[in-house]
Amino acid sequence: MKFTIIFGSPRKQGNTASILAPFMDELKKNGADVDYFDVYEAHIEGCKACLGCQKDQSKVSCVIQDDMQPILKSMETADVIVYAAPVYIWSAPAPVKAVIDRSVYSSCKYYGDDPYGPALFKDKRLALITTCGYPVEKGADIFEDQMKRYCKHCGLSYVGMLAERQRNLKEAFMDNEKEMRARAFARALL
Ligand SMILES: Cc1cc2nc3c(=O)[nH]c(=O)nc-3n(C[C@H](O)[C@H](O)[C@H](O)COP(=O)(O)O)c2cc1C
């Protein structure tokens with residue numbers, strides 16, 4: 001089973017990275033094929049709404065030649081796409097949002113169109129891994145809703161969220177329970 005993991009936090013040893021590590025370890029231990037992209041280290045421009053992606057409806061495409069190209073290639077062959085990013089103002093951090101925006105119409109060939117063209121990522125599964133400062137139900141709820149709507153719009157199957165809160169900046173974020181939940185989340189996706 002192939003996974004494309006989009007990691008998007010500027011903190012390389014931060015909270016999201018801390019729960020992503022055991023998640024990825026569990027996937028690999030169980031034989032999954034994992035492509036990992038750290039999008040804070042990539043050059044990914046925002047969608048320019050040029051609609052170049054809509055000209056050829058037969059293939060996933062974006063005319064902007066930057067680090068989004070290998071991500072789209074990986075997503076094309078993935079069974080599961082995983083976004084792993086902290087909550088920034090009830091949404092995704094800017095580099096992650098750029099990936100989401102760019103992936104939408106690269107794969108959905110129906111921008112303002114009637115009749116609709118194909119949804120080329122249809123039936124792929126999508127999971128969200130996130131961390132936040134507020135309690136999860138108030139910190140990660142809107143980010144999760146956005147991803148659910150994205151999945152509905154693009155025909156993907158939303159398979160759930162692993163969300164953890166950093167309750168107190170003075171205390172260590174990571175503990176055994178969070179590690180166990182991350183490993184269990186990985187196994188549930190396999
Ligand atoms: C710019 C910025 C915006 C944030 N916005 C939110 C927010 O809207 N809701 C929330 O619960 N936490 C918010 N936080 C807190 C982070 O989501 C939280 O500390 C997270 O665990 C950081 O993850 P990281 O260590 O992987 O970067 C924000 C943090 C920053 C830096």
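**Exercise 1. The overall fold**

Which pattern does the protein follow, read along the sequence?

*Solution.* Work on the predicted model. Step one: read the elements in order along the sequence. The pattern is β-α-β-α-β-α-β-α-α-β-α. Step two: count the elements. The protein has six helices and five strands. Step three: test the compactness. The radius of gyration is 16 Å, close to the 16 Å that the globule rule gives for 190 residues, so the protein is as compact as a globular protein of that length. Step four: take the outer dimensions. Along the principal axes, the C-alpha atoms fill a box of roughly 50 × 35 × 30 Å.

**Exercise 2. Burial and contacts**

Find what percentage of the 190 residues is buried. Then examine the contacts and the largest nonpolar core.

*Solution.* Start with burial. Buried residues make up 35% of the 190 residues. Next, take the contacts with a separation of 6 or more. Residues 24 or more positions apart account for 76% of them. Now turn to the core. The largest nonpolar core has 47 residues. Ile6, Phe23, Val82, Ala84 and Ile129 touch the most other members. Finish with Ala84. Leave aside its neighbours within four places in sequence. Ala84 is then in contact with Ile5, Ile6, Phe7, Thr16, Leu20 and Ile129.

**Exercise 3. The two sides of helix α2**

Decide which residues of helix α2 (residues 68-77) are buried, and how they are arranged around the helix axis.

*Solution.* First, list the buried residues. They are Met68, Ile71 and Met75. Second, look down the axis of α2. These buried residues fall within an arc of 60°, so they line one face of the helix. Third, recall the geometry. An α-helix has 3.6 residues a turn, so residues three or four places apart point the same way. Fourth, check the other side of α2. Pro70 and Thr77 are exposed there. Last, find the partners. The buried residues of α2 pack against β1 (2-7), β2 (33-38), β3 (80-84) and α3 (94-107).

**Exercise 4. The shell around the ligand**

Which of the 17 residues around the ligand come nearest?

*Solution.* Gly14, Thr16, Pro86, Cys132 and Gly139 come nearest. Then sort by element. Two elements, α1 (15-29) and β4 (125-132), give two or more residues to the shell. The largest share, three residues, comes from α1. Then sort by type. The shell divides into eight nonpolar, eight polar and one charged.

**Exercise 5. Positive phi**

Examine Ala49 and Ile89. Where is each found, and is each buried or exposed?

*Solution.* Take Ala49. Its phi is near 55°, a positive value in a residue other than glycine. Ala49 lies in the loop between β2 and α2. It has 10 C-beta neighbours inside 10 Å, so Ala49 counts as exposed. Take Ile89. Its phi is near 50°, again positive in a residue other than glycine. Ile89 lies in the loop between β3 and α3. With 8 other C-beta atoms within 10 Å, Ile89 is exposed. The cut-off for exposed is 12 or fewer.

**Exercise 6. Leu189**

Why does Leu189 count as buried?

*Solution.* Place Leu189 first. It belongs to helix α6 (residues 176-189). Now count. Leu189 has 20 other C-beta atoms within 10 Å, so it is buried. The cut-off is 20 or more. Name the contacts, not counting residues up to four places away in sequence. Leu189 touches Val80, Ala127 and Val159. Close with a distance. Leu189 and Lys170 are 19 residues apart along the chain, and their C-alpha atoms are separated by 33 Å.

Terms used: Residues numbered from 1 in each chain as written. Predicted model: local features only at pLDDT ≥ 70, side-chain atom pairs only at ≥ 80, totals over all residues. Helix = DSSP H or I, 4+ residues; strand = E, 2+ residues; numbered from the N terminus. Arc of directions from axis to C-beta. Contact = placed C-beta atoms within 7 Å. Near = placed C-beta within 6 Å. Nonpolar A, V, L, I, M, F, W, Y, C, P; charged D, E, K, R; others polar. Core = buried A, V, L, I, M, F, W, Y, C linked by C-beta atoms within 7 Å. Rg over C-alpha atoms; globule rule 2.2 N^0.38 Å.
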